[in-house]
Every structure is written in C-alpha cells, then in structure tokens.
Amino acid sequence: EKMSTREGTVVLLEDFMNEIIKKSEEELKKRKNENKKLAEMIGLGALKFGILKVNNEKNVIFDFEEALNFEGETGPYIQYAHARAHSILKKVGNLKKANLSLLKERGEIELVKKLGDFSNVVLEATNSLKPSLIANYIYDVAKTFNNFYRDCQVLNAENKELMKARLILVKATTQVLKNGLNLLGIEAPERM
C-alpha cells in the first residue's frame with residue numbers, strides 16, 4: 001500500500017491517519033502491547049516523520065510498512081531510541097555533576113559531537129525551510145546513540161564516575177531527541 005503524489009494516488013488525510021494508527025496497533029500487538037495512546041503516538045509519528053524526512057523539493061512516496069518499522073530511518077526507530085534512553089535514566093536518581101573529561105571512547109565522542117550539532121541543524125533547517133534536515137539529524141542522533149549504547153556500558157560502567165558521565169550523555173541525548181521530535185510535531189514516548 002503506497003501513496004504517491006506523483007502518481008496521483010492520494011487519500012483523505014483523516015482516512016490515512018486512521019489507517020496508520022490501526023496498523024500501529026497491529027504492530028504493537030505483535031509486541032504484546034495494546035496501549036492505544038502509544039499506538040496513536042507511534043502511528044502519527046511514523047506518518048509525520050515519513051513525510052518530513054523527504055526534502056521538500058522531492059515527491060513523497062509513503063509506505064505504511066516501512067514507516068512503522070522499528071529499524072531504519074523511521075519515526076518509531078527514533079521514538080524507541082528516546083524511550084530506551086529515558087528508561088536508563090529512570091533507573092537512577094537525580095543527576096547532578098559529572099566529570100565529562102572521562103568520556104574518551106569513540107562511541108562517546110561521536111555522540112557528543114552529534115549532539116553538539118543540534119542548534120546549527122535547527123538554524124539551517126529554519127533558514128532554508130527544510131524540516132527534512134531536522135528529521136535526518138535526529139535519525140543520525142538515534143543511530144549514534146544506539147551504537148554508543150551497544151559499545152559502552154552505562155549502568156555497569158567500570159566505575160561510578162564514568163557511569164555518571166555516561167548518564168549525563170544519555171540525558172543530553174534524551175533532550176535532543178525529544179526537542180527534535182517536538183520540532184517536527186512528533187511525540188516522544190517515555191516507554192515503548
């Protein structure tokens with residue numbers, strides 16, 4: 001099931017939204033989750049991201065199955081990265097200061113650099129009227145975060161000081177993903 005502006009296969013937005021929410025509910029049922037509010041967040045997030053990730057000078061071809069995939073360049077992939085980061089933070093108390101100079105691993109440095117690009121990307125997207133820049137950026141942040149999470153122990157770090165530094169990095173990631181999603185009109189669920 002594809003919708004293409006070029007081919008003229010267009011549907012009413014309300015029908016389209018209802019269909020993607022229904023498909024999102026089906027996807028969540030496969031994962032033993034029947035939360036209708038979450039299905040709506042994921043479905044509408046998938047729809048918005050699927051459209052906004054495309055440069056506004058190109059035609060949009062929308063594929064329901066691809067858009068709802070939890071892997072790849074999709075809204076659910078980014079929402080899931082946000083939820084994963086948030087769940088790590090829920091396991092610890094209030095974060096205060098940390099020695100960020102302890103962050104020396106490649107995955108840590110790449111994530112710090114990627115997060116540091118946020119304001120420039122937002123400025124460029126605003127000046128050029130291209131929300132696709134933000135969409136592609138937050139996808140890169142989610143991918144970089146997932147690599148960091150795979151390669152660097154956070155809660156089981158070698159020592160407490162390193163754990164605190166990595167938790168600050170997770171907290172910053174959560175904020176950037178949430179802000180980026182919100183700029184695109186997409187909700188950032190805390191659990192998925």
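Let's start with Thr 174, which is buried, with a relative accessible area of 9%. That places Thr 174 under the 20% cut-off used for buried residues. Bear in mind that this is a predicted model.

Thr 174 belongs to helix H8. Beyond its neighbours within four places in sequence, Thr 174 is in contact with His 82, Ala 85, His 86 and Leu 89. Within the helix, a polar atom of the Thr 174 side chain lies 2.9 Å from the backbone oxygen of Val 170.

Now for H8 itself, which runs over residues 160-183. How far apart are the end C-alpha atoms of H8? They are 35 Å apart, and this agrees with the 34 Å that 24 residues should span at 1.5 Å a residue. At the start of H8, Asn 159 brings a side-chain oxygen to within 3.1 Å of the backbone nitrogen of Glu 161. Just after H8, Gly 185 has a positive phi of about 75 degrees.

Here are the two polar distances side by side:

| Oxygen | Partner | Distance |
|---|---|---|
| Asn 159, side chain | Glu 161, backbone nitrogen | within 3.1 Å |
| Val 170, backbone | Thr 174, polar side-chain atom | 2.9 Å |

Val 170 also turns up in the largest nonpolar core, which has 39 residues; Val 170 is among the members that touch the most others, along with Phe 49, Ile 78, Ile 138, Phe 145 and Phe 148. The elements giving two or more residues to this core are H4, H5, H6, H7 and H8.

Which residues does Phe 49 touch, not counting those up to four places away in sequence? They are Glu 73, Thr 74, Gly 75, Ile 78, Ala 135, Ile 138, Tyr 139, Leu 184 and Ile 186.

Notes. Residues numbered from 1 in each chain as written. Predicted model: local features only at pLDDT ≥ 70, side-chain atom pairs only at ≥ 80, totals over all residues. Heavy atoms only, no water. Core = buried A, V, L, I, M, F, W, Y, C linked by side-chain atoms within 4.5 Å. Buried < 20%, exposed > 50% of the residue type's maximum accessible area, 1.4 Å probe, protein only. Helix = DSSP H or I, 4+ residues; strand = E, 2+ residues; numbered from the N terminus. Contact = heavy atoms within 4.5 Å. Expected span 1.5 Å × (residues − 1). Polar contact = N/O pair within 3.5 Å; in protein donor to acceptor, adjacent residues only side chain to side chain.
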